[in-house]
Amino acid sequence: MPSVPIASDGSLHVDAFTRPGDADSAPGIRAALAQALAQGAGTLRFAPGRYLLRSAVDHPAAGAVHDAANLGQAPVQACHLHLRGAQGLRLEGALDGQGDPATVLVGFNDGANHGTLPAVLWCEDCTGLEVSGLAFTREPAYASAGVVCERSATGLAVEVFAGEPCWDGMGTYCMNRCDPAGGALRGGSLTFGQGAGQDWRLRGGRILTLDDPAVAARVAVGDHLSWHQGARSVIQTYFGACHGLRLACLRTSNAIGLAMVAEGCRDLEADRIVLRPDGRRLFTAPRDGWKLFKCSGRIALSRLDIHGVRMDGQNLHSTWLVREGGDGGREAVFRLRYALTPLAVGSVVECWLGDTCTLATIAAWRQVGRSAEGHRLHLRFDVPLPAGPGLLAAPRCWQPDRYTCRDSAFSSIAGAGHLIRGGRVEITGCSYRQMMCPGVFLGAEDGGHPEGGHVVDALVAGCSFEDCGAFERERYDRGPGGCIATGTIGPFLPATGRFNRGIRLQDNRFTGSPVGIRLRQAQDVLLAGNRFTGVAQPLLIDGGSTAGVSGA
């Protein structure tokens, strides 16, 4: 494609390469991205309208292997649009009269159940990248919804809402039940990432049937149901090692897997990020809404609106390093699951052996091989580590210096609203409605998902919680989880360890929930000005693992 000169204001227009409505705009946008990089454009500007994306390119991407569901997968990512190495570039979509995105990037959907599809936008190794005014979706949509019109002891029938996907053999993954009056999430999920074990069958017209006694036993005629075509841990929009990243006015109305992931980014600002379905679909994505994975520096988020995802709305965590063997000393080999994000020499590392923490500084590190589940790293520290099996390390270079989220809304989430597994946190002025699990969960995990580290210095203030926490985030069979909860699980961390420290819960409102605040494995917790209405147990404290609670 011939070179297109940039405008006098430093901008390049995508319409010089492709236009909304073209059969496949992906090659043209990829060419526009390449020329923007080559010519040093400051802004790549999109027109209003729908850009259909069908073709994709493959490239090596460690971020493609980021949790247990990806183990064994080659670190190669297919994507419609790929951007790497941009410096100070702005991707600018158009806005409508209400200030919402009017530029829509429409990813391809092949209709296969539980498969993988290309990411819509995959950005890596960028500095000062800004993205605004873009909406992301799939066509046809990866989710559907309808109303239960028949039910028996052995199965059910659903009339699919007009305009929503309906075909014979559609998947039954991450199915949820919603209130027909207001669309609020009801109870626990009906199916999870394994689906129902069989697919929907098209009986005729827009009627789908499912022969599944377990699902039928938990629904009633008139219930609204949501389901997804699949539930793999694939990513729709990705930002990896994008430092100084700024996002504004982005919307996702339908996603495969995780709607958004930021990995290894340092210093991130975002405003008006909306994950919410359009049409009559009830859910946006079958996995997390927006995962912040091993991000560091200052993270400042405002006016998020996350509705209808399974699992969590915002998941903030890094990954534990697990020491091989139990020898002490200044050097050791650690196992790392999933993707390898570079460590920083000079970074402080929290080294936990049971409930005792040793702070050490990385003097040097290198990769020394692969393990069945990821990587093996050799680290040298400035001080000796204690001897003993099961030592876990949490590098602070994989955690934010400060995470703030304000004036945001989380609703109808079949998991937790905020899942915070490390760093210093400030959550203010946010609302949480119809959460299957806690609205805010503070605490690490070292079991099937080795997500760390521990939460230190957390403020949750001026937030509202309504109908939250019917289930614990860690175990769905152990009863109510609380609207705000602390806790840490896993085989290496003792149940009595007071890992989550310096927590302030102030001026929050709790309504219509079984438990308000549940404290486990916490120390130095301040409670002040919290109000409870229609909450059976305002405060539930595990005295064996929690101490220093004031204001209770």
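These exercises, each with a worked solution, explore a predicted model.

**Exercise 1. Describe the largest pocket: its volume, its central residues and its lining**.

Step 1. Start with the volume. The largest pocket holds about 600 Å³ of space.

Step 2. Find the residues around the centre. The lining has 31 residues, and those closest to the centre of the pocket are A241, E263, G264, T341 and P342.

Step 3. Ask which elements contribute. Strands β17 (235–240), β31 (400–406) and β34 (423–428) are the elements that each give two or more residues to the lining.

Step 4. Sort the lining by class. There are 13 nonpolar, eight polar and ten charged residues.

**Exercise 2. Give the strand order of the seven-stranded open sheet, then find its edges**.

Step 1. Recall the general rule. Strands of a sheet pair through backbone hydrogen bonds, either parallel or antiparallel.

Step 2. Read the order. The sheet runs β13-β12-β16-β10-β11-β15-β14, and its pairing is antiparallel.

Step 3. Look at the two ends of that order. β13 (185–186) and β14 (201–204) are the edge strands, since each pairs on one side only.

Step 4. Zoom in on one edge. Strand β12 (residues 173–178) is joined to β13 by two bridges, and the two strands run antiparallel. Across this pairing, C178 stands opposite L185 in β13.

**Exercise 3. Trace the closed barrel and inspect one of its strand pairs**.

Step 1. List the strands. Six of them form the barrel, in the order β25-β26-β29-β28-β27-β30, with antiparallel pairing.

Step 2. Add the twist. From one strand to the next, the average is 40°.

Step 3. Pick a pair. Strands β27 (residues 348–353) and β30 (residues 392–395) are antiparallel and share four bridges.

Step 4. Find facing residues. W352 stands opposite L392 in β30.

**Exercise 4. Locate the largest nonpolar core and a second, separate one**.

Step 1. Begin with the general tendency. In soluble globular proteins, nonpolar side chains tend to be buried together.

Step 2. Count the members here. The largest nonpolar core has 82 residues, and L129 and W290 touch the most other members.

Step 3. Find the main contributor. Helix α1 (residues 26–39) supplies six residues, the largest share of this core.

Step 4. Turn to the second core. This separate group has 17 residues, including L321, A360, F381 and C397.

**Exercise 5. Find two cis peptide bonds and place each one in the chain**.

Step 1. Take the bond from E139 to P140. This bond is cis, and its omega is near -5°. P140 sits in the loop between β9 (130–139) and β10 (143–151).

Step 2. Take the bond between G452 and G453. This one is also cis, with omega about -5°. G453 lies in the loop between β36 (440–442) and β37 (455–461).

**Exercise 6. Two residues that are not glycine have a positive phi: are S412 and Q521 buried or exposed?**

Step 1. Check the angle at S412. Phi is positive, about 45°, although S412 is not a glycine. S412 belongs to strand β32 (residues 409–413).

Step 2. Apply the cut-off. Buried means under 20% relative accessible area. S412 has 2% relative accessibility, so S412 counts as buried.

Step 3. Repeat for Q521. Phi is about 55° here, and Q521 is not a glycine. Q521 lies in the loop between β42 (515–519) and β43 (522–528). Q521 is buried, because its relative accessible area is 2%.

Definitions and conventions. Residues are numbered from 1 along each chain as its sequence is written. This is a predicted model: local features need pLDDT of at least 70, side-chain atom pairs count only at pLDDT 80 or more; totals for chains, interfaces and linings use all residues. Side-chain values use heavy atoms; hydrogens and water are left out. On a 1 Å grid over the protein atoms alone, a cavity is a set of points where a 1.4 Å probe fits but cannot get out, and a pocket is an open set with protein on both sides within 12 Å along at least five of seven lines; lining residues have an atom within 4 Å of a point. Grid points are joined across faces, edges and corners, and a volume is the space filled by probe spheres set on the points. Ala, Val, Leu, Ile, Met, Phe, Trp, Tyr, Cys and Pro count as nonpolar, Asp, Glu, Lys and Arg as charged, and the others, Gly among them, as polar. Two strands pair if DSSP finds at least two bridges between them. Axes are lines fitted to C-alpha atoms, for helices over the stretch in contact, and angles run from 0 to 180 degrees between N-to-C directions. A nonpolar core is a set of buried Ala, Val, Leu, Ile, Met, Phe, Trp, Tyr and Cys residues joined through side-chain atoms within 4.5 Å. Buried means under 20% relative accessible area, exposed over 50%, partly exposed in between (1.4 Å probe, protein chains only).
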